[in-house]
Amino acid sequence: MAKALYVAYLTGVAGQSIGLFYIGGGILAGVDVATMQYDGAYETKPDGSIEGIVEYVLPAGVSLITGAPAGVAPTRVAVKLTLPADFADGRVITIETPLGPVNAKFEKIKDIP
């Protein structure tokens, strides 16, 4: 998979957000407007899909788009991520998190050398 920068439009039962993600070379890193930072690793499967684990820290007191209550202390969350080969083709992808599902629509911003 080519290295690239993506925007993700995120929705849940209680709201929406937007994030910016670098995906390439087995690394997934990003940030969203709720100040969450994402750090993960993935591998590309023979069919072009990617599978990996992404971790992020929920800041204390931040409302979540999943509707889960805000925590009183920062909480680390790990999510198994599976994205189809052409995940940035405009489709909506549901990502199951421990705090509820999130729908994501990815758009490629730019390939990165």
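Is S49 buried or exposed? Keep that one in mind while you get your bearings; the tour comes back to it. One thing before clicking: what you have open is a predicted model.

**Stop 1: the whole chain**

Show the protein chain as a cartoon and colour it by secondary structure. You should find eight strands and zero helices, so the pattern along the sequence reads β-β-β-β-β-β-β-β. Switch to the C-alpha trace and line it up with its principal axes: the span is about 40 × 25 × 20 Å. The radius of gyration is 14 Å, which agrees with the value near 13 Å that a compact globule of 113 residues would have.

Now turn on the surface. The accessible area comes to about 6300 Å², and 58% of that belongs to carbon and sulfur atoms. Buried residues make up 35% of the 113 residues. If you like contact maps, draw one here: among contacts with a separation of 6 or more, 38% join residues 24 or more positions apart.

**Stop 2: S49**

Select S49, in the loop between β4 (37–44) and β5. Back to the opening question: S49 is buried, because its relative accessible area is 9%, below the 20% cut-off. Add D47 as sticks and look at the two side chains, which are joined by a polar contact of 2.7 Å. Then expand the selection around S49. Leaving aside neighbours within four places in sequence, S49 is in contact with E43, T44, L83, P84 and A85.

**Stop 3: a charged trio**

E43 has just turned up beside S49, and E43 is also your way into the next site. Select E43, K45 and E51 together: these three are linked in a network of salt bridges. Which residue does K45 meet at 2.6 Å, N to O? That is E43, side chain to side chain. The other link runs from K45 to E51, with an N to O distance of 3.9 Å. With the salt-bridge limit set at 4 Å, the E51 pair at 3.9 Å still counts.

How much of the trio can you see from outside? Colour by relative accessibility and all three come out as partly exposed: K45 at 26%, E51 at 29% and E43 at 45%.

**Stop 4: D89 and R91**

Side chains of opposite charge can pair when their charged atoms come close. For another example, select D89 and R91. Their closest N and O atoms are 2.8 Å apart, in a salt bridge. Both partners are partly exposed, D89 with a relative accessibility of 47% and R91 with 36%. The count for the model is five salt bridges, so there is some hunting left for you if you apply the 4 Å rule.

**Stop 5: T66**

Move to the loop between β5 (50–58) and β6 (75–83) and select T66. Like S49, T66 sits in a loop and is buried, here at 13% relative accessibility. What does the T66 side chain reach at 2.9 Å? Look for the backbone oxygen of L99. The T66 side chain also reaches the backbone nitrogen of A68, at 3.4 Å.

Widen the view to see what else touches this threonine. Apart from neighbours within four places in sequence, T66 is in contact with V13, A14, T97, L99, G100, P101 and V102.

**Stop 6: a nonpolar patch**

Return to the surface and highlight Y9, I18 and V33. Together they make a nonpolar surface patch of about 260 Å². To find Y9 in the cartoon, go to strand β1, residues 4–12. Y9 is partly exposed, at 37% relative accessible area, so it passes the 30% threshold for patch residues.

**Stop 7: T35**

Last selection: T35, in the loop between β3 (27–32) and β4. Check the backbone torsions here. Most residues other than glycine have a negative phi. What is phi at T35? The value is near 70°, which is positive, in a residue other than glycine. Put the surface back on and you can find T35 from outside: at 54% relative accessibility, T35 counts as exposed.

How values were computed. Residues numbered from 1 in each chain as written. Predicted model: local features only at pLDDT ≥ 70, side-chain atom pairs only at ≥ 80, totals over all residues. Heavy atoms only, no water. Patch = residues over 30% accessible without salt bridge, like charges linked within 9 Å, V, L, I, M, F, W, Y side chains within 5 Å. Areas by Shrake-Rupley, 256 points an atom, 1.4 Å probe, with all protein chains shown as cover. Helix = DSSP H or I, 4+ residues; strand = E, 2+ residues; numbered from the N terminus. Buried < 20%, exposed > 50% of the residue type's maximum accessible area, 1.4 Å probe, protein only. Rg over C-alpha atoms; globule rule 2.2 N^0.38 Å. Contact = heavy atoms within 4.5 Å. Polar contact = N/O pair within 3.5 Å; in protein donor to acceptor, adjacent residues only side chain to side chain.
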